[in-house]
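Visitor: Please take me through the sheet of this protein, one strand at a time. I would like a close look at how its parts meet, and then a short tour of what lies around it.

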Amino acid sequence: MSETKLWLWRNFVDGRPEYWAFDNPYPCHASGDPMTLGSPCGYAIVKHSDRNGRPEVTDAQVLDEITAALRGF
C-alpha cells in the first residue's frame, strides 16, 4: 500500500478556513511561475484504503459535521 505526502497551506474562502494541499512544498502554476502561498503549515500523509467503514454516511453529511464543529471556534 503506497503513501503520499501532501503539503498543506491554510487558506480562507468566503470567511471559511480550508486547507490547500500540494504534492511538493514549492508548488507552481501551469506556466511554471511559483505560487505565492508562503510557507506550508504542515503536511498530511495520505494512506489508501480499499474499505469505507461507514458507507451509509455521505460526503455531504461529513462536511455538515465539519461545518458544525467549526462554529465552535
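**The sheet and its surroundings**

Guide: Start at one pair of residues: W9 stands opposite W20 in β2. One caution before going further: this is a predicted model.

Stay with W9. Its relative accessibility is 4%. Buried means under 20%, so W9 counts as buried. What aromatic company does the structure offer? Across the whole structure, the search finds 2 aromatic pairs. In one of them, the ring centres of W9 and F22 lie 5.6 Å apart. The two ring planes meet at 75°. Edge-to-face requires planes over 60 degrees apart, so the W9 and F22 pair is edge-to-face. The pair links distant parts of the chain, with W9 in strand β1 and F22 in strand β2, 13 residues apart.

F22 has a second role. In β2, F22 is the bridge partner of W7. Another residue to follow is L8, which stands opposite A21 in β2. These contacts belong to a longer match: strand β1 (residues 3–13) and β2 pair in the antiparallel sense over 7 bridges.

How does the chain get from β1 to β2? The two strands form a hairpin, with 2 residues between them. D14 sits in that turn. The phi of D14 is positive, about 55°.

Now turn to β3. β1 also pairs with β3, in the antiparallel sense, over 6 bridges. Within that pairing, K5 has I45 as its bridge partner in β3.

Put the strands together. The sheet is open and has 3 strands, in the order β2-β1-β3, with antiparallel pairing. Its edge strands are β2 (16–22) and β3 (42–47), and each of them pairs on one side only. From one strand to the next, the twist averages 40°. As a reminder of what holds such an arrangement, strands of a sheet pair through backbone hydrogen bonds, either parallel or antiparallel.

Side chains add another link between β1 and β3. K47 and E3 meet in a salt bridge, at 3.6 Å from N to O. That distance is within the 4 Å limit for a salt bridge. This pair joins distant parts of the chain: K47 is in strand β3 and E3 is in strand β1, 44 residues apart. K47 is exposed, and E3 is exposed too.

A search of the whole structure finds 2 salt bridges. Another one joins the side chains of E56 and R54, at 3.0 Å from N to O. Are these partners buried or exposed? Exposed means over 50% relative accessible area. E56 has 54% relative accessibility, so it counts as exposed. R54 has 51%, so it counts as exposed as well.

Next, the stretch between the edge strands. G38 is found in the loop between β2 and β3. With a relative accessibility of 58%, G38 counts as exposed. Use F22 as a reference point again. The C-alpha atoms of G38 and F22 are separated by 13 Å. Along the chain, these two residues are 16 residues apart.

Finish at the helix. Helix α1 spans residues 59–70, and I66 has its place there. I66 is partly exposed, with a relative accessible area of 43%. That value falls between the 20% limit for buried and the 50% limit for exposed. I66 also belongs to a nonpolar patch on the surface, formed with V62, L63 and L70. Together these residues have about 330 Å² of accessible area.

To retrace the route: W9 in β1 is buried, K47 and E3 are exposed, and I66 in helix α1 is partly exposed.

Terms used:
Residues are numbered from 1 along each chain as its sequence is written. This is a predicted model: local features need pLDDT of at least 70, side-chain atom pairs count only at pLDDT 80 or more; totals for chains, interfaces and linings use all residues. Side-chain values use heavy atoms; hydrogens and water are left out. Patches are made of residues with over 30% relative accessible area and no salt bridge: like charges are joined within 9 Å, nonpolar side chains (Val, Leu, Ile, Met, Phe, Trp, Tyr) within 5 Å. Accessible areas come from the Shrake-Rupley method with a 1.4 Å probe; for residues, only the protein chains shown count as cover. Helices (H or I, at least four residues) and strands (E, at least two) are DSSP runs, numbered from the N terminus. Buried means under 20% relative accessible area, exposed over 50%, partly exposed in between (1.4 Å probe, protein chains only). Two strands pair if DSSP finds at least two bridges between them. Axes are lines fitted to C-alpha atoms, for helices over the stretch in contact, and angles run from 0 to 180 degrees between N-to-C directions. Rings of Phe, Tyr and Trp (its six-membered ring) pair if their centres lie within 6.5 Å; planes under 30 degrees apart count as stacked, over 60 as edge-to-face and the rest as tilted.
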